[in-house]
Structures are given as structure tokens and as C-alpha cells.
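Reader: I would like a close look at a single part of this model, with its surroundings described in order. Please keep to what can be read from the structure.

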Amino acid sequence: TDAYNILMLFIFCIVALAISQTLWIKAAGSLGILVASLHMNAVPFYVMIVMVLMFDESWSWMQALGALIVGAGVIYSQLKSS
């Protein structure tokens, strides 16, 4: 790795973050915060599914369990307190 590769990495990261933030705001506005945050936090799980289905990678039950815990946490955080 040299300075050019690191610079390109930062440029692509900034562009990706800008696109991601724009899409997040649009999704939260139309879907609602609960559904948008649930899907945003489930992205690693979605990537794992794509990797298993398209690239013949191995399934990790620990990562699937982690995605389930994150999803449950997001749903729990959105429940109304009584």
C-alpha cells in the first residue's frame, strides 16, 4: 500500500458514505425509523446471504446470531415504555 492507494480508499469511502447517508434519509422518511434502522443494522447479514448464495462462501451461525441480536435490539429500542 502506498499513498495513492490510501488516497483512493479515502475518496471512495467519502463517496460511499455520502450515498449511504442520502439513501438512509430517504428510507427513514418513507419507511420510518424502525424499519430503516432494522435494515441498516442487518446489512452484514444481507452481505453474508449474498456471499453464500452467489460466491459459494461458508455460512457462519455466529454472524447470523449476531444479526438476530442486533435486530432484536433495534425492535426492543423502538417499543414504547409503559
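Author: What follows takes helix α4 as the part to examine, then the helices around the chain that lead to it. The model is a predicted one.

Helix α4 runs over residues 61-78, which makes 18 residues. From its first C-alpha to its last it reaches 26 Å, close to the 26 Å expected at 1.5 Å a residue.

Which residues of α4 are buried? They are Ala64, Ala67, Gly71 and Val74. These four cover an arc of only 85° around the axis, which puts them on the same side of α4. The general rule behind such a pattern is that an α-helix has 3.6 residues a turn, so residues three or four places apart point the same way. The other side of α4 carries exposed residues, namely Trp61, Met62, Ile69 and Tyr76.

One of these exposed residues can be followed further. Tyrosine 76, in helix α4, has a relative accessible area of 63% and is therefore exposed, the cut-off being over 50%. Its C-alpha atom is separated by 31 Å from that of cysteine 13, and the two residues are 63 apart along the chain. Another residue of the chain, glycine 73, has its C-alpha atom 40 Å from that of alanine 3, with the two positions 70 residues apart along the chain. Alanine 3 lies in helix α1 and is exposed, at a relative accessible area of 62%.

The two ends of α4 lead into other segments. Beyond the helix, leucine 79 lies in the segment after α4, where its relative accessible area of 53% makes it exposed. On the other side, the loop between α3 and α4 holds aspartate 56. Aspartate 56 has a positive phi, near 55°, although it is a residue other than glycine. Aspartate 56 is also exposed, with a relative accessible area of 72%. Leucine 79 and aspartate 56 are 23 residues apart along the chain, and their C-alpha atoms are separated by 38 Å.

What covers the buried residues of α4? The cover includes α2 (33-41) and α3 (43-55). These two helices also pack on each other, so their arrangement belongs to the picture of α4. The axes of α2 and α3 are 4 Å apart and form an angle of about 50°. The two helices are therefore oblique to each other. In their contact, His39, Met40 and Asn41 of α2 meet Val43, Pro44 and Tyr46 of α3. By class, this contact has 4 nonpolar, 2 polar and no charged residues.

Tyrosine 46, one of the residues in that contact, belongs to helix α3. At 35% relative accessibility, tyrosine 46 counts as partly exposed. Tyrosine 46 is 35 residues from isoleucine 11 in sequence, and the two are 25 Å apart in space, C-alpha to C-alpha.

Helix α2 has a further contact, with helix α1 (residues 3-31). The axes of α1 and α2 come within 7 Å and cross at roughly 140°. α1 and α2 are therefore oblique to each other. From α1, the residues Ser20, Trp24, Ala27, Ala28 and Leu31 take part, and they meet Ile33, Val35, Ala36, Ser37 and Met40 in α2. The residues of this contact divide into 8 nonpolar, 2 polar and no charged. Met40 of α2 is listed in the contact with α1 and also in the contact with α3.

Helix α1 itself has 29 residues, which should span 42 Å at 1.5 Å a residue. Its end C-alpha atoms are 41 Å apart, which agrees. After α1 comes glycine 32, with a positive phi near 105°.

To return to α4, its buried residues are Ala64, Ala67, Gly71 and Val74, and what covers them includes α2 and α3. On the other side of α4, Trp61, Met62, Ile69 and Tyr76 are exposed.

Note on methods: Residues are numbered from 1 along each chain as its sequence is written. This is a predicted model: local features need pLDDT of at least 70, side-chain atom pairs count only at pLDDT 80 or more; totals for chains, interfaces and linings use all residues. Side-chain values use heavy atoms; hydrogens and water are left out. The expected span of a helix is 1.5 Å times one less than its number of residues. Buried means under 20% relative accessible area, exposed over 50%, partly exposed in between (1.4 Å probe, protein chains only). The arc is that of the directions from the helix axis to the C-beta atoms. Contact means heavy atoms within 4.5 Å. Axes are lines fitted to C-alpha atoms, for helices over the stretch in contact, and angles run from 0 to 180 degrees between N-to-C directions. Angles under 35 degrees count as roughly parallel, over 145 as roughly antiparallel, 65 to 115 as roughly perpendicular and the rest as oblique. Ala, Val, Leu, Ile, Met, Phe, Trp, Tyr, Cys and Pro count as nonpolar, Asp, Glu, Lys and Arg as charged, and the others, Gly among them, as polar.
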